[in-house]
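Trainee: Please take me closely through one part of this structure, strand by strand, and then place that part in its wider setting. I should like the pairing to be treated before anything else.

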Amino acid sequence: MAKHSTNMRIKLPVCCLALEAVTILLFAIFVRYDSDTDASAWHDKLKTSNSSNADNEFYFRYASFQDVHTMIFIGFGFLMTFLKRYGFSSVAFNFLIAAFGLQWSTLIQGFFHGFHDGKIHIGIESMINADFCTGAVLISFGAVLGKTSPVQLIVMTLFEVTLFGINEYIILNVLNAKDAGGSMTIHTFGAYFGLTVSRILYRPDLDKSRQREGSVYHSDLFAMIGTIYLWMFWPSFNSAITAHGDDQHRTVLNTYYSLAACTLGTFALSALFNGEGKLDMVHIQNAALAGGVAVGTAAEMMLTPYGAMIAGILAGMISVLGYKLLSPVLDSKWKIQDTCGVHNLHGMPGVLGALVGVIVAAAATADIYGDGMEDVFPLLADGTRTANSQAVYQLLALLVALSFAIVGGIIVGFILRIPFLGSPPDSECFDDVVYWEVPGEEEHHQMMAVNTDDHEQQTQA
Amino acid sequence: MAKHSTNMRIKLPVCCLALEAVTILLFAIFVRYDSDTDASAWHDKLKTSNSSNADNEFYFRYASFQDVHTMIFIGFGFLMTFLKRYGFSSVAFNFLIAAFGLQWSTLIQGFFHGFHDGKIHIGIESMINADFCTGAVLISFGAVLGKTSPVQLIVMTLFEVTLFGINEYIILNVLNAKDAGGSMTIHTFGAYFGLTVSRILYRPDLDKSRQREGSVYHSDLFAMIGTIYLWMFWPSFNSAITAHGDDQHRTVLNTYYSLAACTLGTFALSALFNGEGKLDMVHIQNAALAGGVAVGTAAEMMLTPYGAMIAGILAGMISVLGYKLLSPVLDSKWKIQDTCGVHNLHGMPGVLGALVGVIVAAAATADIYGDGMEDVFPLLADGTRTANSQAVYQLLALLVALSFAIVGGIIVGFILRIPFLGSPPDSECFDDVVYWEVPGEEEHHQMMAVNTDDHEQQTQA
Amino acid sequence: MAKHSTNMRIKLPVCCLALEAVTILLFAIFVRYDSDTDASAWHDKLKTSNSSNADNEFYFRYASFQDVHTMIFIGFGFLMTFLKRYGFSSVAFNFLIAAFGLQWSTLIQGFFHGFHDGKIHIGIESMINADFCTGAVLISFGAVLGKTSPVQLIVMTLFEVTLFGINEYIILNVLNAKDAGGSMTIHTFGAYFGLTVSRILYRPDLDKSRQREGSVYHSDLFAMIGTIYLWMFWPSFNSAITAHGDDQHRTVLNTYYSLAACTLGTFALSALFNGEGKLDMVHIQNAALAGGVAVGTAAEMMLTPYGAMIAGILAGMISVLGYKLLSPVLDSKWKIQDTCGVHNLHGMPGVLGALVGVIVAAAATADIYGDGMEDVFPLLADGTRTANSQAVYQLLALLVALSFAIVGGIIVGFILRIPFLGSPPDSECFDDVVYWEVPGEEEHHQMMAVNTDDHEQQTQA
């Protein structure tokens with residue numbers, strides 16, 4: 001692949017501006033304020049339904065939305081800055097694809113969910129869902145990090161968002177499975193989609209760039225900003241679109257304890273599996289988050305706090321084991337080059353989260369949920385389903401997510417192999433210099449001066 | 001200018017303590033809790049007006065306030081850490097002038113807005129407005145960054161906050177223009193004020209410090225923390241003081257889509273205008289935010305989502321063009337040394353935002369707004385004004401903001417030229433060492449040891 | 001102490017997994033959802049008490065909780081990254097002990113506060129209290145930072161959380177003192193506990209590690225992330241568990257102005273007391289926060305805004321003086337090695353905060369508080385106590401906190417001296433390498449290559 005093909009002068013502007021133009025056009029045709037956002041409609045609602053401004057959906061969800069927003073842009077963005085020479089691309093391509101993804105997913109999810117009278121109606125809930133959808137894309141980004149051009153990433157976003165919308169529709173609206181925090185729709189789908197794409201884009205000569213596929217001291221600290229934000233706000237992520245009242249409250253609480261237990265499990269196994277009895281930052285940065293993924297389906301259910309903690313500690317331990325034992329095998333045997341280890345953070349914990357959902361759904365009884373059943377399992381509340389049949393549908397949903405991820409990943413992977421898209425050569429992966437004007441390091445120049453002096457003093461002496 | 005004049009031992013303590021003493025005294029005389037904050041008054045209100053604690057203004061605005069607070073202290077503070085040797089000053093002088101500015105603006109805005117019975121009554125809304133006012137000062141700080149002493153900055157804050165209060169009063173209360181997100185009162189005013197001050201403080205020999213007027217790899221990552229927080233929380237900024245219900249909700253939504261579109265436009269033009277087809281961090285850090293400025297006036301109006309996106313993408317593109325084409329001319333021809341490029345991020349997008357406000361105000365109809373007209377355009381709702389006359393007042397407001405900025409900037413610029421204020425010499429701009437105890441870099445010392453060994457091995461060999 | 005004892009391979013996993021297993025078991029036996037979190041109970045409440053989902057405690061406190069959470073994990077975690085080679089340990093051990101501490105304190109505080117029908121009932125308020133308790137442990141961590149193993153820290157957490165629960169119970173429920181922001185229960189207790197532990201763990205040969213007990217340029221910027229987040233969100237901290245309505249609102253407002261005034265005082269004294277007339281980052285990072293501590297008891301009371309500002313500026317000035325004058329004496333004369341200077345940030349300001357509480361409680365009158373008295377001073381509202389007697393109880397509470405801190409610190413300090421716990425030798429303090437796989441610095445290797453070339457060119461010339 002010729003080096004000049006990574007020049008972004010024409011292809012990136014054309015790609016961004018064309019897609020943005022189409023998006024704006026589709027918004028102009030289809031997208032309208034919903035009844036909580038429109039001046040006239042909301043004031044009609046105030047009059048006719050005896051409600052007050054405090055009932056506006058905004059106040060139930062905006063704080064959670066901003067936490068989710070922070071996870072998407074700071075959390076994912078900085079988590080990926082761990083690479084020593086790929087910090088610009090990590091945080092800024094994350095920014096670019098999330099900014100495009102949230103617009104595109106407003107349209108895609110809108111056609112499937114908020115479409116009536118020929119229009120898509122949007123408000124705080126659709127904004128949260130749009131951010132959620134970009135989360136799946138960013139997970140996939142983690143698998144291909146350092147090996148893809150921004151044009152490839154935008155094309156991937158375009159297709160992945162579309163597939164996400166269809167997959168989500170089938171899981172939530174056809175199968176009527178529950179998945180508020182997206183163990184299946186976001187984490188399982190995003191991870192296996194990204195891993196499949198990475199497999200299709202396999203680079204046999206990636207060793208030429210391996211010296212940059214690691215961290216330096218301060219890049220690990222930047223990455224911890226991402227980790228801690230993801231960890232702290234995961235309760236908001238899982239609860240952002242659950243029902244008002246006890247549901248949001250309980251989802252937050254379960255996620256909080258799951259993550260806390262996960263953190264202990266992560267530190268324990270990180271120390272245990274390093275020969276030298278030292279901790280590894282990669283585990284802390286990633287595995288400690290698996291507890292959020294592991295309760296993404298079940299946190300809104302009556303999981304119990306200790307149930308959440310068991311799910312969390314299992315997820316943390318599985319995730320560390322994955323980094324230690326599975327990632328090298330995926331790379332060498334399966335030809336899956338997973339830069340961030342999304343299989344360990346989102347893939348396996350996502351599947352675990354789906355299975356926890358199966359078990360907790362099967363255990364649902366009218367006694368436990370009372371009148372709250374309607375919010376969590378409406379089809380159990382109205383007698384359409386038994387707990388066991390709900391559990392079967394939950395399991396089916398996992399299979400649907402995996403299928404969409406793998407089949408979709410194969411198709412999109414081949415699309416991304418089009419040479420025109422500006423992929424970096426094998427010897428220039430994980431390097432900001434390919435796509436960025438990169439400033440020098442000040443220390444560098446200072447140092448040369450210092451050392452020259454140093455040398456001269458010695459030779460004189 | 002003699003070097004010893006930058007010594008802060010006496011002048012900074014005197015300045016800080018004297019102003020703080022005056023501020024506390026004025027607070028003691030004039031400032032009181034408002035009826036939602038005072039123990040006795042709120043409980044009286046609970047009894048007499050059939051309200052509940054949930055109706056306290058606090059719950060409608062506190063989450064937004066904290067987002068605004070984060071933009072002011074983290075957003076502005078870290079955005080300016082892009083300079084390689086000015087990180088301490090960027091984040092800490094930002095901290096100092098915002099901490100003083102919010103107290104002083106409580107008094108100034110209080111005299112104009114919350115003054116009754118001889119007292120200023122404060123609560124969450126006045127706190128948001130105080131933070132807003134400091135935003136304007138921090139924008140001006142961006143123009144003079146690296147070229148001013150902390151004492152100069154505090155003096156600038158003292159005067160700029162005062163002028164801000166008068167300007168805002170004329171725009172919002174005399175002209176009855178709308179400007180919830182401050183395209184005019186905050187961005188246009190803050191930017192042109194700062195640019196004018198920078199012109200008055202023109203340094204012909206700034207080339208002596210140009211080698212420090214750039215970034216290093218990790219300083220650009222610190223700056224991205226600022227960028228991303230500003231970008232994420234801008235919806236909270238624009239909506240923080242809009243009316244309850246649909247207004248806050250709609251303002252958030254419009255700003256969200258404006259910024260997303262702006263980001264695509266920014267990446268597109270950054271790649272297009274760099275000769276090498278590479279992206280430039282300066283554009284991503286700054287121009288991607290212009291979409292928030294561009295809907296600062298109109299986001300609370302029925303702008304429509306696609307209208308917001310058009311405003312956003314225009315702002316992003318104008319801003320990149322400004323960095324590429326206009327900033328060098330401002331510097332060389334107009335003698336305006338604009339360290340952070342606030343003309344591109346706040347100046348031109350602020351004017352654009354005002355003009356978008358003019359257009360959307362002119363398009364207001366009773367059909368579109370329904371009973372929500374009263375919240376957005378009260379003078380249209382009660383028939384005092386037509387949409388077109390409101391548009392004219394919006395335009396007048398822009399002219400007022402520009403006039404206050406330029407005239408005020410000239411006056412304050414000359415005040416800041418008083419030598420006593422401790423301005424750094426031309427050869428020591430953009431350097432923390434002037435005002436800070438600066439630690440060395442560890443690598444530096446390690447390196448010397450390593451290189452000495454290295455050298456010895458070579459000479460022995 | 002033999003070097004191999006710092007190997008964490010067995011002792012850390014055993015410690016983490018055993019404690020987590022016990023915690024999960026105790027949760028399974030004792031911990032249940034409260035009536036706002038449980039599906040069945042909340043829906044019963046909705047029916048029987050004519051409330052709506054908006055009345056769920058979640059909506060009054062969740063935004064505050066997430067701010068507190070951010071202070072605990074980002075604020076404390078990054079504040080301590082100022083050390084040049086201890087960033088991994090600072091942010092990650094902070095993460096570990098907070099994750100364990102919040103679980104353990106759920107149990108301990110639950111037995112004292114939420115225990116009825118043989119069960120601990122949890123929800124958003126208990127989550128906030130759990131985070132609060134970890135705050136005290138993290139303050140103590142600041143005193144022993146760099147000198148303790150993760151196993152020691154977990155053992156310290158186990159005991160300190162337990163003592164915290166008892167101390168808090170006596171102060172709040174036996175003495176019926178008020179301390180919403182924890183000037184006494186969190187700051188005074190945490191600081192003096194940590195200082196006592198540090199005294200017991202005194203290292204006479206710590207000079208062997210002193211070269212690492214300082215910052216480098218970028219570690220000071222990471223620390224400022226912690227500082228700014230603590231500063232911004234302190235209003236949420238102090239108000240997180242105060243009563244709904246005016247109480248939360250007023251607490252936020254008082255804390256906001258206290259911190260703003262404190263910042264001016266800090267900058268003033270930092271410049272004044274440095275011989276060279278330059279500012280010191282250590283003061284800005286720490287003393288500027290003392291204003292939050294100083295109103296931790298009184299911010300919910302009718303302190304008045306100017307009262308808050310006086311408390312704040314005093315705290316800032318005392319804190320800078322402490323760093324300048326007292327810390328060296330504590331170290332050399334009292335053998336208290338206080339890595340982060342918690343005595344200056346939490347100790348003295350905590351005591352000041354308690355005394356401010358005494359004064360403001362003594363000044364309480366029915367006229368000032370009206371019907372709001374019941375929320376702030378219930379025993380004054382029902383006539384059980386006079387304002388003066390409340391003030392006496394406030395003072396007693398301070399003495400209780402100090403006593404628990406010192407006696408507890410002595411006991412726990414001796415426990416931590418058990419050699420098995422893996423404390424680092426005196427020559428390896430403040431160094432991540434002891435407990436972490438640490439990557440190199442890229443510049444390092446680049447530099448060696450550059451310098452070798454450099455050398456060769458010179459020898460050839």
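Mentor: Two strands are taken to pair if DSSP finds at least two bridges between them. The model is predicted, and the part I have chosen is the sheet of chain C. By that criterion β1(C) pairs with β3(C), residues 119-122, since 3 bridges join the two strands, which run parallel. The partnership of β2(C) with β3(C) is antiparallel and rests on 2 bridges. With both senses of pairing present, the sheet is mixed; it is open, has 3 strands, and follows the order β1-β3-β2. The edges are held by β1 (31-33) and β2 (115-116) of chain C, each of which has a single partner strand, so one side of each lacks a neighbour in the sheet. In general, strands of a sheet pair through backbone hydrogen bonds, in either the parallel or the antiparallel sense.

The register can be followed residue by residue. On the parallel side, C:V31 stands opposite C:I120, and C:R32 stands opposite C:H121. On the antiparallel side, C:H116 faces C:K119 of β3(C). The connection there is a hairpin: 2 residues lie between β2(C) and β3(C), and C:D117 in the turn has a positive phi of about 55°.

Which side chains of β3(C) are buried? C:I120 and C:I122 point to one face and are buried, whereas C:K119 and C:H121 point to the other face and are not. The alternation thus recorded along the strand can be set beside the register: C:I120, the partner of C:V31, is among the buried residues, while C:H121, the partner of C:R32, is among those that are not.

Two helices of chain C accompany the sheet. Helix α1 (residues 11-30) lies across β1, β2 and β3 and runs at about 55° to β1(C). Helix α4 (residues 87-112) also lies across β1, β2 and β3, running at about 110° to β3(C).

For the wider setting, consider first the salt bridges, of which the structure holds 33 over all chains. In chain C, the side chains of C:K178 and C:E300 meet in one of them, at 3.9 Å from N to O. C:K178 lies in the loop between α6 (150-174) and α7 (183-200), and C:E300 in the loop between α11 (290-294) and α12 (305-332), so the pair ties together parts that are 122 residues apart in sequence. C:K178 counts as buried because its relative accessibility is 18%, and C:E300 is buried with a relative accessible area of 4%. The salt bridge between C:R210 and C:E213 has its closest N and O atoms 2.6 Å apart. Here C:R210 counts as partly exposed at 26% relative accessibility, and C:E213 likewise counts as partly exposed at 25%.

Chain A offers a further pair: A:R212 and A:D431 form a salt bridge of 3.7 Å, N to O. A:R212 is in the loop between α7 (183-200) and α8 (217-239), and A:D431 is in the loop between α17 (387-416) and α18 (442-460), so this pair ties together parts 219 residues apart in sequence. Both residues, A:R212 and A:D431, are buried. Chain A also contains a network of salt bridges that links A:D207, A:R210, A:E213 and A:D331.

Finally, chain C meets chain B. The contact takes 83 residues from chain B and 80 residues from chain C. The area buried between these chains is about 7,200 Å², of which carbon and sulfur atoms give 70%. The polar part of the interface includes 29 residue pairs in polar contact and 1 salt bridge. A salt bridge joins C:D371 to B:K47, with the closest N and O atoms 2.7 Å apart. Several elements of chain B each supply at least two residues of the side that touches chain C, among them α1 (11-30), β1 (31-33), α2 (39-48) and α4 (87-112). The largest share of that side, 12 residues, comes from α4(B).

Note on methods:
Residues numbered from 1 in each chain as written. Chains lettered and ligands numbered in written order. Heavy atoms only, no water. Helix = DSSP H or I, 4+ residues; strand = E, 2+ residues; numbered from the N terminus. Contact = heavy atoms within 4.5 Å. Axes fitted to C-alpha atoms, helices over the stretch in contact; angles between N-to-C directions. Salt bridge = Lys/Arg side-chain N within 4 Å of Asp/Glu carboxyl O. Buried < 20%, exposed > 50% of the residue type's maximum accessible area, 1.4 Å probe, protein only. Buried area = accessible area lost by both parts, 1.4 Å probe. Polar contact = N/O pair within 3.5 Å; in protein donor to acceptor, adjacent residues only side chain to side chain.
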